[in-house]
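Please take a moment with the sequence and the three-dimensional picture before reading on. The report below is meant to be read alongside them.

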Amino acid sequence: MRQRKTQDERRLRRSQNKQMRRHVRTQCAEDTHFVTQRRLFEGRIINRSAGGTYIQSKARFYIGQDVVVAGPFAEDQSEMKRHGKIVRLDDRGFAVRFHF
């Protein structure tokens, strides 16, 4: 019974989190290049929104690090560069919040 309640609580939090987002996230699988600390890296954009993106990368970074990401961020999906800051890390990659 307790496990069922915990699962329901998680679903509710996820639902509330989605409602709190400013920008809609779009899933994708686009190869990308990004620059941080004057070095060029490769990765894969897993999802993106007007406010940021999540990138899979084997390289390791730190929260607060500035980054410039190349990707299909324009309205017509053409390639453009976006400046941002790393705001979250996990074992597979990192999340970037774009500067406005």
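What follows describes the overall fold, then a group of aromatic rings, and then one loop residue.

This is a predicted model, and its protein chain has one helix and six strands, which follow the pattern α-β-β-β-β-β-β when read along the sequence. Of the 100 residues of the protein chain, 34% count as buried, while the chain exposes about 7,600 Å², with carbon and sulfur atoms supplying 48% of that area. Among contacts with a separation of 6 or more, 43% are between residues 24 or more positions apart.

A pair of aromatic rings is described by the distance of the centres and the angle of the planes. The protein has five aromatic pairs, and two that involve phenylalanine 34 are set out here.

| Pair | Centre to centre | Angle between planes | Kind |
|---|---|---|---|
| Phe34 and Phe41 | 5.6 Å | 15 degrees | stacked |
| Phe34 and Phe94 | 5.3 Å | 70 degrees | edge-to-face |

The pair of phenylalanine 34 and phenylalanine 94 links distant parts of the chain, since phenylalanine 34 lies in strand E1 (residues 26-36) and phenylalanine 94 lies in strand E6 (residues 93-98), 60 residues apart. Phenylalanine 34 is buried, with a relative accessible area of 1%, phenylalanine 94 is buried at 1%, and phenylalanine 41 is buried at 13%. Ring pairs join Phe34, Phe41, Phe61 and Phe94 into a cluster.

Serine 49 sits in the loop between strand E2 (39-48) and strand E3 (52-56). Because its relative accessibility is 17%, serine 49 counts as buried, the cut-off being under 20%. The side chain of serine 49 reaches the backbone nitrogen of glycine 51 at 3.1 Å.

Definitions and conventions: Residues numbered from 1 in each chain as written. Predicted model: local features only at pLDDT ≥ 70, side-chain atom pairs only at ≥ 80, totals over all residues. Heavy atoms only, no water. Helix = DSSP H or I, 4+ residues; strand = E, 2+ residues; numbered from the N terminus. Buried < 20%, exposed > 50% of the residue type's maximum accessible area, 1.4 Å probe, protein only. Polar contact = N/O pair within 3.5 Å; in protein donor to acceptor, adjacent residues only side chain to side chain. Contact = heavy atoms within 4.5 Å. Areas by Shrake-Rupley, 256 points an atom, 1.4 Å probe, with all protein chains shown as cover. Phe/Tyr/Trp six-rings, centres within 6.5 Å; stacked < 30°, edge-to-face > 60°.
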